[in-house]
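User: Please take a close look at a single part of this structure. I should like one connected account of that part and its surroundings.

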Amino acid sequence: MSGFDVIGDIHGHADHLLRLLTKLGYERGSPSDSFAHPDGRIVAFVGDLINRGPASSEVIDIVRGMTDAGTAFAVLGNHEFNLLAAAFVGDKKVLKKYREHLDWFRSLPFSLEVGGIRVVHAVWHPTSLAVIAGRTCSDEDFLRRAITKGTPEGQAVQTVLKGIKVSIPDDQVYLDRFGIPRSRGRIRWWLDPRGLSYADLLFPADAGASAYSGPSSADLPDAEPYPSDDPPVFIGHYCLPVSEPKVHGNVACVDGCVTCDGVLWAYRYNGERTLDPVRLVQSD
Ligand SMILES: [Mn+2]
């Protein structure tokens with residue numbers, strides 16, 4: 001089997017993507033001019049190709065070129081989904097540069113299971129994935145339901161693309177990396193939350209979180225811990241600081257927040273069942 005290189009949220013930073021692909025050994029080929037690896041390796045993109053950075057169009061061109069050529073897969077991120085939701089309701093603020101790509105975004109899957117790995121933007125959540133199995137936003141009726149609050153499809157998409165959140169006690173409310181106060185925090189969804197403190201559970205780690213108190217099971221009715229013998233799963237989404245561990249057994253988050261820290265991350269996967277942080281690669 002040739003391996004996979006899983007690349008984190010790019011958010012319009014085409015320069016980092018180009019440097020990372022080159023570092024990983026991908027080369028621009030002919031005649032398609034898209035990137036391919038001489039050993040047949042395949043890239044898996046975890047979603048959130050767009051917004052924040054200066055060159056979203058160039059990022060889309062590179063990723064589309066690779067998926068068209070069969071040298072990459074991509075799943076949908078919450079930024080692409082929000083764009084599709086805005087376009088669907090006719091929001092005039094949808095940027096012109098994205099309009100020609102809407103049908104392609106609509107065709108992207110929410111999750112992938114290929115070659116022994118699983119890829120999803122935020123949470124591998126079996127109950128939610130069962131609700132949206134085989135569906136994409138190309139299905140207009142599905143998209144309408146997915147952007148409607150209170151529908152099973154809407155709830156499933158929220159969980160899979162945005163994470164599972166827990167309310168944080170008032171005295172632990174914190175400012176996130178963008179300076180936004182957070183009274184709810186994303187959790188390490190792969191863990192069994194029973195008996196864990198807020199410090200154990202919040203992802204990324206939150207310096208203000210209590211190591212002595214944690215949520216009750218009733219606060220986390222949606223938690224579905226990830227079995228340690230299930231296939232490796234790769235996620236993006238969590239905007240992890242450089243110092244935050246990214247590999248947790250058979251779960252790896254490759255989103256190191258290229259916008260905040262100027263680093264785009266990848267994981268070089270070669271068939272191992274337990275993931276190893278030495279296989280993480282950073283853009284230079
Ligand atoms: Mn993101």
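The part in question is the open sheet of 5 strands: in what order do its strands lie, which of them stand at the edges, and where is lysine 23 found?

Analyst: The account below refers to a predicted model. The strands of the open sheet follow the order β5-β4-β1-β15-β16, and their pairing is mixed. Two strands stand at the edges, β5 (72-74) and β16 (280-282); each has a single partner strand, so one side of each is left without a neighbour in the sheet. From one strand to the next, the twist averages 25°.

At the β5 edge, strand β4 (residues 42-45) runs parallel to β5, and 3 bridges join the two. Within this pair, valine 43 stands opposite alanine 72 in β5. Helix α2 (residues 56-69) lies across both β4 and β5, and its direction makes an angle of about 115° with β5.

Lysine 23 belongs to helix α1, which spans residues 14-23. Leaving aside residues up to four places away in sequence, lysine 23 touches Val281, Ser283 and Asp284. Of these contacts, Val281 falls within the edge strand β16 (280-282). Lysine 23 has 14 other C-beta atoms within 10 Å and is therefore partly exposed: a residue counts as buried at 20 or more such neighbours and as exposed at 12 or fewer. Threonine 136 lies 113 residues from lysine 23 along the chain, and the C-alpha atoms of the two residues are separated by 32 Å.

Methods. Residues are numbered from 1 along each chain as its sequence is written. This is a predicted model: local features need pLDDT of at least 70, side-chain atom pairs count only at pLDDT 80 or more; totals for chains, interfaces and linings use all residues. Helices (H or I, at least four residues) and strands (E, at least two) are DSSP runs, numbered from the N terminus. Two residues are in contact if their C-beta atoms, placed from the backbone, lie within 7 Å. Two strands pair if DSSP finds at least two bridges between them. Axes are lines fitted to C-alpha atoms, for helices over the stretch in contact, and angles run from 0 to 180 degrees between N-to-C directions.
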